[in-house]
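Trainee: I've never read a protein model before. Please take me through one, feature by feature.

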Amino acid sequence: MRIGIGYDVHRLVAGRDLIIGGVNIPFAKGLLGHSDADVLTHAIMDALLGAAGLADIGHLFPDTDDKFRGARSLDLLRQVADTVRGAGYDIVNIDAVVVAERPKLAPHVPAIKEQLAAALELPQQAVGIKATTTEGLGFEGDGLGMSAHAVALLQEK
């Protein structure tokens, strides 16, 4: 068994869609990034890659490469899952939390779990997703950005 952790953060800006776990969330701002800036999916990818002892998403999908500009993070997650499986591991489960003051993400958690489970080819009960606030503290609390933390458990084939 191998455990990996992932963390990601992105700034909120006007003029972008807010994509969390592959789900487009209605909101006045979106996350800034080279891809769709899906902070949750990015943290999950790094957790999976870390558990497998592989390079992080910055090495696999560099923001200096135009072929990843505007990339859909769920598509990149599928590639990461294939890479992890190709390295000799089965994905047992992931657990993650998104930190954001606004918008309220709890109503979107079932759709997020569905999208992530499908991309990872896992049953939904193997995907734990939570959303929390910082009670007004820090950059998330000020509405400047969002962060996500994730852990992944892999089992050697």
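Mentor: Start with the names: helices (DSSP runs of H or I, at least four residues) and strands (DSSP runs of E, at least two residues) are numbered from the N terminus. With those names you can place a residue: P103, for example, sits in the loop between β5 and α4 (109-120). Keep in mind that this is a predicted model, where local features need pLDDT of at least 70, side-chain atom pairs count only at pLDDT 80 or more, and totals for chains, interfaces and linings use all residues. Residues are numbered from 1 along each chain as its sequence is written, and side-chain values use heavy atoms, with hydrogens and water left out.

Trainee: What kind of peptide bond leads from R102 to P103?

Mentor: A cis one, with omega near -5°.

Trainee: Now the sheet. In what order do the five strands come?

Mentor: First the general idea: strands of a sheet pair through backbone hydrogen bonds, either parallel or antiparallel. The rule for a pair is that DSSP finds at least two bridges between the strands. Here the five strands make an open sheet in the order β4-β1-β7-β5-β6, with mixed pairing. At the edges stand β4 and β6, each with a single partner strand, so one side of each has no neighbour in the sheet. On average, neighbouring strands of this sheet are turned by 20° against each other, direction ignored. Angles between axes use lines fitted to C-alpha atoms (for helices, over the stretch in contact) and run from 0 to 180 degrees between N-to-C directions.

Trainee: Which strands run antiparallel, and over how many bridges?

Mentor: Strand β5 (residues 89-99) and strand β7 (residues 145-156) run antiparallel, joined by 10 bridges. You can spot single partners too: A96 has A150 of β7 as its bridge partner, and V99 stands opposite S147 in β7. On the parallel side, β5 pairs with strand β6 (residues 127-132) over six bridges. There, D95 is matched with G128 of β6.

Trainee: And the helices? At what angle do α1 and α3 pack?

Mentor: Helix α1 (residues 39-51) and helix α3 (residues 73-86) pack at about 10°, and their axes are 10 Å apart. Under 35 degrees counts as roughly parallel, over 145 as roughly antiparallel, 65 to 115 as roughly perpendicular and the rest as oblique. That's why α1 and α3 are called roughly parallel to each other. Contact means heavy atoms within 4.5 Å. From α1 the contact takes T41, H42, I44, M45, L48 and L49, and from α3 it takes S73, L74, L76, L77, V80 and V84. By class, this contact has nine nonpolar, three polar and no charged residues. The classes are: Ala, Val, Leu, Ile, Met, Phe, Trp, Tyr, Cys and Pro nonpolar; Asp, Glu, Lys and Arg charged; the others, Gly among them, polar.

Trainee: Which strands does α3 lie across?

Mentor: It lies across β5 and β7, running at about 140° to β5.

Trainee: Is A37 buried or exposed?

Mentor: Buried means under 20% relative accessible area, exposed over 50%, and partly exposed in between (1.4 Å probe, protein chains only). A37, in the loop between β4 and α1, has 0% and is buried. A37 isn't a glycine, yet its phi is positive, about 60°. E135 also has a positive phi, near 55°, in a residue other than glycine. E135 belongs to the loop between β6 and α5 (138-141), and at 73% it counts as exposed.

Trainee: Which residues does G33 touch?

Mentor: Leaving out residues up to four places away in sequence, G33 touches H10 and R16. G33 is in the loop between β4 (29-31) and α1, and at 22% it is partly exposed. G33 and H10 are 23 residues apart in sequence and 7.0 Å apart in space, C-alpha to C-alpha. Try A119 in helix α4 next: at 4% relative accessibility it is buried. A119 touches L74, L77 and R78, again not counting residues up to four places away in sequence.

Trainee: Last one: how many aromatic pairs are there?

Mentor: One. Rings of Phe, Tyr and Trp (its six-membered ring) pair if their centres lie within 6.5 Å; planes under 30 degrees apart are stacked, over 60 edge-to-face, and the rest tilted. F61 and F68 have ring centres 5.2 Å apart and planes at 75°, so the pair is edge-to-face. Both F61 and F68 are buried.
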